[in-house]
Amino acid sequence: MNDSYDAIVLGAGAAGLMCAARAGQRGRRVLVLEKAEAPGKKILISGGGRCNFTNIGAGPANYLSANPHFAKSALARYTPRDFLELVESYDIAWHEKTLGQLFCDGSAKQVVAMLLEECAKGGVELRCGEGIASVAHDGDFTVTTQNGSYTAPALVIATGGPSIPKMGATGFAYDLARQFGLKVVEPRPALVPLTLGGEEVLFREISGVSAPVIATANKTSFAEAALFTHRGLSGPAILQVSSYWRPGDPVAVNFLPGRNPEWLLDGKRTHPRATLRSLLRDALPDRLADILAEKLGIPGELGNATDKALRAASERLGRWEFHPNGTEGFAKAEVTVGGISTAELSSKTMEAKRIPGLYVIGEAVDVTGWLGGYNFQWAWASAVAAGEAL
Ligand code: FDA
């Protein structure tokens, strides 16, 4: 064990390991302190165990932040192609699942092993099972754990966000930020299922049903699948819009994406003996078609329905408003929106402007990606930005 370090990285997750490896390979003596017994826990469970490690199309437009420009610099300097090159240099087989999402063919364990190997190449010292009791700043940074104290002129906060507390996630990064007087943008659960109450609990009856839709919240839309659950709404389209959703906002769902708005009227002309329910069953899963038809309340044969009623039904199917009464919270959120304010940090190096030597990277920062590999890409890119600067 070294007793003198150039930098201490708090957290051996995606960002912490990447940053430590980069700085180590530049000749810095780096110590990583991790409170869990093993590194990279979230990487291991990510992407259903196959780790959606990047998105080939990742760019600043795929991120939420109080300052949408902040992520540009780091994302431009370390791109999805750069990470893919690293993956390929370790002979890790990968595939694109959909929408630019790249996954390991084998296992997320390969990504953790790769990062650990990169750290080893940089002579990084990794100490797991080190719960941090305190951090003091007196020119240098001194981190005290149950095992002792470690000092370095640079400290990197890479302890992530509070999503999935069961896995040991906490708001520790925000506590440290406050200790150092850095502003924190209110953290909220994101990429999280939404819950339904009131009359909308009826949709719980079709728990397990999914359909391709366009979901919209706060003017941001995603065309992916929505899934009805026993608590409300989930599936990729809903997880995506949940990051933009605020309590009280409706979520509009287009159940008939790509269909001509005159579809029901055409149906009346071509199949006047059909019912709304049978026509909807041609376009949607049966149980969803049934519940929507029931709610639209056009009984009997389409030939007997007025054009006006069918137009109104079409419009509603194209913009069905749900009124979620909440989210499933941090317990089920894949990430956290908000975090340590980007106004406090250099977008080039991730260093705190007012506290030289203090860096914040990864999910702890107020930069949050869409679903689909974008969050890891931010972890890698912000980590490299800091790792090159330390
Ligand atoms: P991360 O959470 O990875 O690491 C933080 C580390 O700090 C952890 O090891 C933690 O134990 C440690 N720590 C916390 N407090 C500490 C303390 N006080 N002292 C020392 N250590 C401490 N993203 C994506 O792009 N593709 C995907 O496939 C998925 N899949 C996915 C699935 C699930 C179930 C979840 C919950 C999340 C995802 N994500 C994802 C999101 C992705 O996992 C997340 O954005 C990154 O892991 C963030 O990386 P960080 O290194 O910032 O935090």
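A residue counts as near a molecule if its C-beta atom, placed from the backbone, lies within 6 Å of it. In this predicted model, 38 residues surround the ligand. The closest are Gly11, Gly13, Ser46, Gly160 and Gly362.

Several elements of secondary structure contribute to this shell. Helices α1 (14–25), α2 (41–45) and α12 (374–389) each supply at least two of its residues, and so does strand β2 (30–34). The largest share comes from α12, with 4 residues. By class, the shell around the ligand holds 18 nonpolar, 14 polar and 6 charged residues.

The UniProt record, an unreviewed entry, lists residues 6–388 as "domain: RsdA/BaiN/AoA(So)-like Rossmann fold-like". Over residues 6–388, helix makes up 30% of the chain and strand 25%. The C-alpha atoms at the two ends of that range are 13 Å apart.

Two open sheets are described next. One has 3 strands, in the order β8-β9-β10, and its pairing is antiparallel. Its edge strands are β8 (132–138) and β10 (148–152), and each of them pairs on one side only. From one strand to the next, the twist averages 20°. Within this sheet, β8 pairs with β9 (residues 140–145) over 6 bridges, in the antiparallel sense. Here Asp138 stands opposite Asp140 in β9.

The other open sheet has 7 strands. Their order is β18-β17-β14-β15-β16-β13-β19, and the pairing is again antiparallel. The edges are formed by β18 (320–322) and β19 (326–327), each of which pairs on one side only. Inside the order, β15 (residues 220–228) runs antiparallel to β16 (residues 232–234), and 2 bridges join the two strands. Phe228 stands opposite Leu233 in β16.

A helix pair completes the description. Helix α9 (residues 276–283) packs against helix α10 (residues 286–296) at an angle of about 145°. Their axes are 8 Å apart. The crossing of α9 past α10 is right-handed. On the α9 side, the contact is made by Leu276, Arg277, Leu280 and Arg281. On the α10 side, Asp286, Ala289, Asp290, Leu292, Ala293 and Leu296 take part. By class, the contact of α9 with α10 comprises 6 nonpolar and 4 charged residues, with no polar ones.

Notes: Residues numbered from 1 in each chain as written. Predicted model: local features only at pLDDT ≥ 70, side-chain atom pairs only at ≥ 80, totals over all residues. Pairing = 2+ DSSP bridges. Axes fitted to C-alpha atoms, helices over the stretch in contact; angles between N-to-C directions. UniProt positions renumbered as here; feature names shortened; annotations may be inferred. Nonpolar A, V, L, I, M, F, W, Y, C, P; charged D, E, K, R; others polar. Left-handed = near helix turned anticlockwise from the far one by under 90°. Contact = placed C-beta atoms within 7 Å.
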